[in-house]
Every structure is written in C-alpha cells, then in structure tokens.
Amino acid sequence: MRKLLTAVILFALPLLASAQIENPVKWDFTAKKIDATTYELHMTATVESNWHLYAQEAGEGPVPTTFKLTKNPLVTPVGKIREVGKLHKAFDKNFDSELKYYENQVDFVQKVTVKGKAATKVKGSVEFMVCDDHQCLPPKEVEFAISVGGK
C-alpha cells in the first residue's frame, strides 16, 4: 500500500507543478504631476514575449482591457483613457474578427484633477485578457490604488 501511495505521489508532482497559473502581464500604477491640481495616471502593462493584451476597443470576441475607477469626491477624471503603445491590428481566425492588441508594453493614461490640497488615492481595477498563438487565458481583474494630491 505504501509503495502504491508513493508511486501516485511521484506521478502527481509533475502535474501539480505544471498547473501553476500563468500570468504573462505585469502592471505598474503611477501618477505624474502635471500642475498644482492635474495628474496623469499611468497604468502600464508589460507583456511577456509571444503574448498580446487586447486594446480597450479590441473588436468582436475577446474581452477588451477595461478600467473601472472608484468614485472619489476629491478626484475628477478628464476625458477618456488614452493608449500609448504600438497598436497592432490583425484578423484572428479564432474569433473570426479583426482585433486590436498590444505586445511588449502599453501605457494607459488617464488625466485627473484633484480638488483641494489633501492627499488621496485613485482606486479602481483593470480587467484584461491575453492570448498567444495557441491559447487565451481567462479574463483577469487586478485592483490598484494610485496616490495623488498632497505635497
């Protein structure tokens, strides 16, 4: 019985090791002060090679990159979130659609104004989906908090 249990464990270990969740996107969240009350929020995605991250308006099929900002009475978003990076457009036979995506790195930039001089945080989340040539990972949501205001 002990030999059988040992054999099962030895065969199961490689399967458990390969079942680690892939996470080919690393996010960095920062703020850049523009003037006394204006900031740019930079939500930067670094994507591992061979993977791509879909744009906010990706096309039909995949989950687009979507930002949700939590309401904060001290912070007002100005305009829409801009995408700064090399946008790729290609027909994807899996989704039967022309899709827009980024490889390597993309910076999503949201301008905000801050009321008063108190320090506060812009909180929110980003939902995104990544694919490579063989597979797509399920959509993932990452929460963030970016400090703005204050001295």
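A polar contact is taken here as a pair of N or O atoms within 3.5 Å, where one must be able to donate a hydrogen and the other to accept it. With that in hand, a good place to start is His-42 and Glu-40, whose side chains are joined by a polar contact of 3.1 Å. The model is a predicted one, and everything below should be read with that in mind.

His-42 sits in strand E2, which covers residues 38-47. Its relative accessibility is 14%, and because anything under 20% is called buried, His-42 falls in that class. What does His-42 touch once residues up to four places away in sequence are set aside? One group of partners is Asp-28, Phe-29, Thr-30 and Lys-32, and the other is Asp-107, Phe-108 and Val-109. The second group belongs to strand E8, which spans 105-114.

Glu-40, the partner of His-42 in the polar contact, is also buried, again at 14% relative accessibility. Glu-40 has a second partner as well: a salt bridge links Glu-40 to Arg-82, with the closest N and O atoms 3.6 Å apart. Glu-40 is in strand E2 and Arg-82 is in strand E5 (residues 75-84), so the pair ties together parts of the chain that are 42 residues apart in sequence. Arg-82, for its part, is partly exposed, at 44% relative accessibility. How many salt bridges does the model hold? The count comes to one.

Thr-38 is another residue of strand E2, and at 11% relative accessibility Thr-38 counts as buried too. Leaving out neighbours within four places in sequence, Thr-38 is in contact with Lys-32 and Lys-33 on the one hand, and with Lys-111, Val-112 and Thr-113 on the other. Lys-32 thus turns up for Thr-38 as well as for His-42. Thr-38 also offers a long-range distance: Pro-77 is 39 residues away in sequence, yet the two C-alpha atoms are 9.8 Å apart in space.

Stepping back to the whole chain, the protein has one helix and 11 strands. Read along the sequence, the helix comes before the strands, in the pattern α-β-β-β-β-β-β-β-β-β-β-β. Of the contacts with a separation of 6 or more, 69% are between residues 24 or more positions apart. The protein has 151 residues, and 34% of them count as buried. The accessible surface comes to about 10000 Å², with 55% of that belonging to carbon and sulfur atoms.

Next, the pockets. The largest pocket has a volume of about 280 Å³. Its lining is made up of 19 residues. Which of these lie nearest the centre of the largest pocket? They are His-52, Asp-92, Asn-94, Asp-132 and Asp-133. As for the strands, E3 (52-54), E6 and E7 each supply at least two residues of the lining. E6 gives the most, with three residues.

Two loops next to strand E7 carry backbone features worth a look. Most residues other than glycine have a negative phi. Asp-96 departs from this, with a positive phi near 50 degrees. Asp-96 lies in the loop between strand E6 (87-92) and strand E7 (97-102). Is Asp-96 buried or exposed? With a relative accessible area of 60%, Asp-96 is exposed. Asn-104 likewise has a positive phi, of about 65 degrees, although it is not a glycine. The place of Asn-104 is in the loop between E7 and strand E8. The relative accessible area of Asn-104 is 49%, and since exposed means over 50%, Asn-104 is classed as partly exposed.

Finally, Cys-136 lies in the loop between strand E10 (130-131) and strand E11 (140-148). Cys-136 is partly exposed, with a relative accessible area of 35%. With neighbours within four places in sequence left aside, Cys-136 is in contact with Phe-95, Met-129, Val-130 and Cys-131. Cys-136 and Pro-62 are 74 residues apart in sequence, while their C-alpha atoms are 8.9 Å apart in space.

How values were computed:
Residues are numbered from 1 along each chain as its sequence is written. This is a predicted model: local features need pLDDT of at least 70, side-chain atom pairs count only at pLDDT 80 or more; totals for chains, interfaces and linings use all residues. Side-chain values use heavy atoms; hydrogens and water are left out. Helices (H or I, at least four residues) and strands (E, at least two) are DSSP runs, numbered from the N terminus. Buried means under 20% relative accessible area, exposed over 50%, partly exposed in between (1.4 Å probe, protein chains only). Contact means heavy atoms within 4.5 Å. A salt bridge is a side-chain nitrogen of Lys or Arg within 4 Å of a carboxyl oxygen of Asp or Glu. Accessible areas come from the Shrake-Rupley method with a 1.4 Å probe; for residues, only the protein chains shown count as cover. On a 1 Å grid over the protein atoms alone, a cavity is a set of points where a 1.4 Å probe fits but cannot get out, and a pocket is an open set with protein on both sides within 12 Å along at least five of seven lines; lining residues have an atom within 4 Å of a point. Grid points are joined across faces, edges and corners, and a volume is the space filled by probe spheres set on the points.
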